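Please look through the structure shown here, and follow its strands and helices as the paragraphs below take them up in turn.

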Amino acid sequence: MSALTRRHFLARAGVALGATALARSAFAAPARIVVIGAGFGGATCARYLRELDPTLAVTLVERERTVATCPFSNLVIAGLAGMDRIAHGFLGLRAAGVEVVHDSAVAVDAARGEVRLAGGRRLGYERLVVAPGIELRLDAVPGYDAAAVSAMPHAWQAGAQTLLLRRQLAAMPDGGVVLIAPPGEPFRCPPGPYERASLVAHYLARHKPRAKILILDAKDGFSKQALFEQGWAARYPGMIEWVAGSQGGLVERVEPARGVLVTESGFTEHRGDVVNFIPPQRAGAIAQAAGLADESGWCPVDPRDFASTRVPGVHVLGDAAQAGAMPKSGFSANSQAKICAAAIVAALRGETLPAALWTNTCYSLVAPDYGISVAAVYRVDNGTINAVPGAGGVSPLDAGADFRRREANYARAWYASISRDTWG
Amino acid sequence: MKRRVILFCATLVSLAARTAAAGDSPDLAGFVLGSACLTCHAAGGAIAPLEGREAVGLAEQLDGFRDGTRAGTVMPRLARGLDDAQIARIAAWLAAREVSR
């Protein structure tokens, strides 16, 4: 038995023991579930835990009074929506019986079943769900450090960064250059940088028509690429140029003070009037502090129930988790959260979780009336999450304007619906 | 194939009704397949809400998306990932849910 397998076995044995103890004491205090992070993963899990078993004491720990989503933040950046459109409060979750605590989780004591908060409070749990999203790696690309973030906003965590990038675009001169530099895989929201380029182009075409967008990519290909490129040619001819990583797109160093991205071993410097540098990422800080992440920076989990393979009694959801073929998206996190909630309820009852399916659907807006999508259904086979063969795929390349318009409308309806499903 | 889905569905609907009447234990087998629908089809949303709809109708629509007789945008891509038993279970789970949440 390898170290990992053994650890995993022990973790599951611990869980089984916990479940038995709980099942025996039906009249004891309700099982306590602590959820860290109120994004698409954490909020959905908290909400559905309470729905599936209203006797559970569910506590949700979230630093912010309102959370802002990355989905639809590109509309804010492009001046097509305000921050209120992407901000969500906690009235719905509280109405569902979730206790919401506004604080930061700073440590997990798995042996005692306790989370320590920055404010000093300790929360005991029978099960812990960690859904912290991403942490930006400010040590990965020379020059892109904590100070660089305010000169070259990443805007990959929605909030002040979203508005900063918006202001920079508004202040940019006509004829200026916008640089967008997406990271290599894996990262949050694979089609996001290209939707951003699209909607920024939509803004520029109306307000600064001589401006250009240059995408310097770490990768040699990207999500929905053919659809995006078709849309750019149709809607923003000549405005967006994409450079593949192996063709000089890979950014090796940044110089925030000069607005410069350096590529090709220092032989080429690209200067932007606005620079949106999206750095490499890893699982959010609490996942690192709690020992949930491996050397990749992301958290390995049992694909069936998203239980950590490293720390017993803890589940990891959403962007922070290594979820096989599932992309790091809000929809993926929402889907994982529901199955995880069911798995926790089943385990506490000493039942086996029935076979599950996971789903992802991601819409991107090429323009407000031009939507494209990718969809897939996933299942566990051979010990990992794989897409179900024969299903899924992207919007057809040969679709007409009506199909694109319908998908744009579905994108907006999707955002409203998943927001309601997640935060109530 | 269509008849098999419908037959499956009828059995599951009566099962789901009995479970609901029993009161306590949620239909986890239905939940881990069907709850994904609610991400886009939440109650009160612009994309057709599905909770409380008639199970046989839901199963027929999913079956139509899967075999290409019903047009759609993402639904044909998603429905192709489902087998007969899964379609029946999803339809029964959605049908058994309360409409307002």
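In this predicted model, strand β15 of chain A, which covers residues 260-263, pairs with β16(A) in the antiparallel sense over four bridges. Within this pairing, L261(A) stands opposite H270(A) of β16(A). The two strands belong to an open sheet of three strands, ordered β14-β15-β16 in chain A, whose pairing is antiparallel. Because β14 (251-255) and β16 (268-271) of chain A stand at the edges and have a single partner strand each, one side of each is left without a neighbour in the sheet. From one strand to the next, the twist of this sheet averages 25 degrees.

Strands of a sheet pair through backbone hydrogen bonds, and the pairing can be either parallel or antiparallel. The parallel kind appears in an open sheet of five strands, which has the order β5-β2-β1-β9-β20 in chain A. Here β5 (99-101) and β20 (314-316) of chain A are the edge strands, each with a single partner, so one side of each has no neighbour in the sheet. The twist from one strand to the next averages 20 degrees. Inside this sheet, strand β1 (residues 32-36) and strand β9 (residues 127-130) of chain A run parallel and are joined by four bridges, and V35(A) has V129(A) in β9(A) as its bridge partner.

Two helices of chain A pack on this sheet: α2 (residues 40-52) touches β1, β2 (57-61) and β9, with a direction that makes about 165 degrees with that of β2(A), while α9 (residues 330-348) touches β1, β9 and β20, with a direction that makes about 170 degrees with that of β9(A).

How values were computed
Residues numbered from 1 in each chain as written. Chains lettered and ligands numbered in written order. Predicted model: local features only at pLDDT ≥ 70, side-chain atom pairs only at ≥ 80, totals over all residues. Heavy atoms only, no water. Pairing = 2+ DSSP bridges. Axes fitted to C-alpha atoms, helices over the stretch in contact; angles between N-to-C directions. Contact = heavy atoms within 4.5 Å.
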